[in-house]
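Student: I've got this model open and want to check the labels people put on it. Can we go through them one by one?
Tutor: Sure, have a look first.

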Amino acid sequence: MPTIVVEVMPKAELLDPQGKAVAGALARLGKSEFTGVRIGKRFELTVDGPVDEALLAEVREIAEDLLANTVIEDVVSVHQADVETVAAGETH
Amino acid sequence: MRIGVVTFPGSLDDRDAQRAVRLAGAEPVALWHGDHDLQGVDAIVLPGGFSYGDYLRCGAIAAVSPIMTEVVSAANSGMPVLGICNGFQILVEAHLLPGGLIRNDHGDFICRDQRLRVENTSTDWTNGFTAGQEITIPLKNGEGGFIADAETIARLEGEGRVVFRYLDVNPNGSIDDIAGITNERGNVVGLMPHPEHATEPGFGPDTPAAMRSGVDGLTFFTSAISALVSR
């Protein structure tokens, strides 16, 4: 089933307390090579029909209006994923 | 005078808000998120809680629920609208107020009686306070950090639209200690602390006079009634 992936991240200049907590846990585990962690969101929107540019444009609009709050977050990616990468839970 | 309180799935303080409305001398009207009907109310309270389990973002799903079409339109026509805690988050998600609310900078949920300074006494929800008055009402949230870009903050400060500021401690990392703001017109007010929990002797914050005697929150609701009466 065609899937459109939307990725949203907290704005770079904002404190990300969740990412900070994970960074703290990594440090406690001795993984000192990581200097920071930020946590964002990945949405997978499935459709029955083909994914064309008009649909992607609509998803971009939805991403800015609902999936992200652009006051505090940025939409960093809107793209079509192929079946294998979605099933494997991997991004491009 | 009828003041509506909207119940969303996951609202917690809708009944407390209704009781506060009654204690202030108005008739509370229960409104339902799934309706397109404000039942002819004169003012609206969006109460605290965890609407839709805070899914997506706090207040994000509630902001697009059916009744919000009517709430946004009423707010834009000048009806007094108060958003408390999750209600404040709904107001920013609905773009009735600028900025955003993010997880507390220290990462913890916080619950305390919070001192505030009332910075703007010309809004529909604060006209009964005196300028600079210091009040104490409960605060309880995990995502109460108010943020906005520098330009928005400058505009809010410059136009006197910061209505409440935290005193003693900044409990959540809000920029400029901002606890609550208003729109240009002064009819829409949002704040993280909970005035509805400080409206009845015996159930409010402690005061020097007596335990749990704090009723500073009552003035929010009597202010709205005054604003409506004077129209």
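Tutor: Start with a pair across the chains: Arg57(B) and Glu73(A), whose side chains come to 3.5 Å, N to O. Keep in mind that this is a predicted model.

Student: What makes Arg57(B) and Glu73(A) a salt bridge?
Tutor: The cut-off is 4 Å from a side-chain nitrogen of Lys or Arg to a carboxyl oxygen of Asp or Glu. Arg57(B) and Glu73(A) sit at 3.5 Å, N to O, so the pair passes. The count between chain B and chain A is 1 salt bridge.

Student: Which part of chain B gives the most to the side that touches chain A?
Tutor: Strand S5, residues 100-102, with 3 residues. By class, that side of chain B has 6 nonpolar, 3 polar and 4 charged residues.

Student: How much area do chain B and chain A bury between them?
Tutor: About 1,100 Å², with 66% of it on carbon and sulfur atoms. Leu56(B), Arg57(B) and Arg103(B) supply 45% of what chain B buries against chain A, more than any other three residues.

Student: Which residues lie nearest the centre of the largest pocket?
Tutor: Gln18(A), Lys41(A), Ile72(A), Glu73(A) and Glu143(B), out of 25 lining residues. The volume of this pocket is about 460 Å³.

Student: How do you know that Pro98(B) and Ile175(B) line the second largest pocket?
Tutor: A lining residue needs an atom within 4 Å of a pocket point. Pro98(B) and Ile175(B) are among the residues listed for that lining, so each meets the cut-off. That pocket holds about 200 Å³ of space.

Key: Residues numbered from 1 in each chain as written. Chains lettered and ligands numbered in written order. Predicted model: local features only at pLDDT ≥ 70, side-chain atom pairs only at ≥ 80, totals over all residues. Heavy atoms only, no water. Buried area = accessible area lost by both parts, 1.4 Å probe. Helix = DSSP H or I, 4+ residues; strand = E, 2+ residues; numbered from the N terminus. Nonpolar A, V, L, I, M, F, W, Y, C, P; charged D, E, K, R; others polar. 1 Å grid on protein atoms, 1.4 Å probe; cavity = no way out; pocket = protein on both sides within 12 Å on 5 of 7 lines; lining within 4 Å. Points joined across faces, edges and corners; volume = space filled by probe spheres on them.
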